[in-house]
Amino acid sequence: MLSYPCQDCSQGRSIMTTSNNTKDIKSPPDLAEEISSYRPRTPQLGLFWMMIIAWGIAAAGAGGEYPVCTTTSTEASNDSPSTRLRRGILIALATDFAVDLGFVIAGCIALIVLSAYNKRATGGGWRICFGLEFVLPAVLFFFFQIGMIESTQYRKYAMKQTMPHGLIVRKYWRPMVGTSLAWFVYDFGTYPFGLFSSTIISHVNPDDSLVQNSGLGTAVNCFYLPGCISGGFLMGWIGRKQTMTPGLACWAVLGFIIGGALGPIHSILPLFILLYVLFQAFGEMGPGVATFLCGAENFATPT
């Protein structure tokens, strides 16, 4: 028996063809047409799976580029004495601040496009946002990376022979585990707590309009930026670990307060917003920016 999806599958049925009866076997063009016409049972389900696939592709691309760019930034910031003195703020601007600023710029572009379309969500609007916020930066960044030379640190100290992976693991497994755990703790806390921004928006915008939701979401993302800047300067003034440790401690305390007393705090919107803003700022000031340099300076490349 052969079974394949078709348009009738959206109604819970499938077409079955018997291999012994050649009259019932579909030709390849007909089979391809019916497969291409398949639709999920509900539009919401199709959107959900499309988001999963899109996020997976984006995560693979960003996940592969993020550590490479970070390593290049940390190496380039040590090329000269002048950059070495400002290494903390330079790394903060080139890594975490750039990511958070991208969130804000993306929100601003969406607001401009929505205004151009009379504040209505249309097919042309999201395509313009997709092109301006993803396709154009990806193309420009690709050509920028192709023409960029390697850092002085890499050209001077990169291994010209086979990489001794076993030796690297034996000698540096402790800093590798520490760096991985630091990133795990930071991501484990910051991304789930990002869902609380919808709570603020739902209180401030009871009408639930698209433009106001986008604007308030962009405003909430702006609170990341002061934490990045302050953390970058503090890394140069008091040190990397001395910045990361108190920032992580304050971030954790605020997280426990918000999570443990969410019911009473939720009823007092100004207090909830204040605690949430401080939580975001301390998270970026401590582990958000310091994890990059703490990880880079624990490994073999001279820093």
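Student: What share of the protein's contacts with a separation of 6 or more comes from residues 24 or more positions apart?
Tutor: First, this is a predicted model, where local features need pLDDT of at least 70, side-chain atom pairs count only at pLDDT 80 or more, and totals for chains, interfaces and linings use all residues. Residues are numbered from 1 along each chain as its sequence is written, and side-chain values use heavy atoms, leaving out hydrogens and water. A contact means heavy atoms within 4.5 Å. For residues 24 or more positions apart, the share of those contacts is 71%.

Student: Got an example of residues far apart in sequence? How far apart in space are Leu 101 and Asn 221?
Tutor: Leu 101 sits in helix α5; helices (H or I, at least four residues) and strands (E, at least two) are DSSP runs, numbered from the N terminus. In sequence, Leu 101 and Asn 221 are 120 residues apart. From C-alpha to C-alpha, though, the distance in space is 8.3 Å.

Student: How many helices does the protein have, and how many strands?
Tutor: Just use the DSSP runs again. The count for the protein is 14 helices and two strands.

Student: At what angle do the axes of α5 and α6 cross?
Tutor: Helix α5 covers residues 96-116 and helix α6 covers residues 123-147. Axes are lines fitted to C-alpha atoms, for helices over the stretch in contact, and angles run from 0 to 180 degrees between N-to-C directions. These two axes come within 10 Å of each other. They cross at roughly 145 degrees.

Student: And how do the residues of that contact divide into nonpolar, polar and charged?
Tutor: From α5 we have Ala 106, Ile 109, Ala 110 and Val 113, which meet Gly 125, Ile 128, Cys 129, Leu 132 and Glu 133 in α6. Ala, Val, Leu, Ile, Met, Phe, Trp, Tyr, Cys and Pro count as nonpolar, Asp, Glu, Lys and Arg as charged, and the others, Gly among them, as polar. The split is seven nonpolar, one polar and one charged.

Student: How far apart are the end C-alpha atoms of residues 89-114?
Tutor: The unreviewed UniProt entry annotates this span, among others, as "transmembrane region"; such annotations may be inferred rather than shown by experiment, with positions given in the numbering used here and feature names shortened. The span is 96% helix and 0% strand. Its end C-alpha atoms are separated by 35 Å.

Student: Which kind of aromatic pair do Trp 183 and Tyr 186 form?
Tutor: Rings of Phe, Tyr and Trp (its six-membered ring) pair if their centres lie within 6.5 Å; planes under 30 degrees apart count as stacked, over 60 as edge-to-face and the rest as tilted. A search of the whole structure finds nine aromatic pairs. Here the centres are 6.1 Å apart with 70 degrees between the planes, which makes the pair edge-to-face.

Student: Is Tyr 186 buried or exposed?
Tutor: Buried means under 20% relative accessible area, exposed over 50%, and partly exposed in between (1.4 Å probe, protein chains only). Trp 183, three residues away in helix α8, is partly exposed at 23%. Tyr 186 has a relative accessible area of 6%, so Tyr 186 is buried.

Student: Which kind of pair do Phe 233 and Trp 237 form?
Tutor: Both lie in helix α11, four residues apart, about one turn of the helix. Their centres are 5.6 Å apart and their planes 25 degrees apart. That pair is stacked.

Student: Is Trp 237 buried or exposed?
Tutor: Its partner Phe 233 is partly exposed, at 38%. The relative accessibility of Trp 237 is 65%, so Trp 237 counts as exposed.
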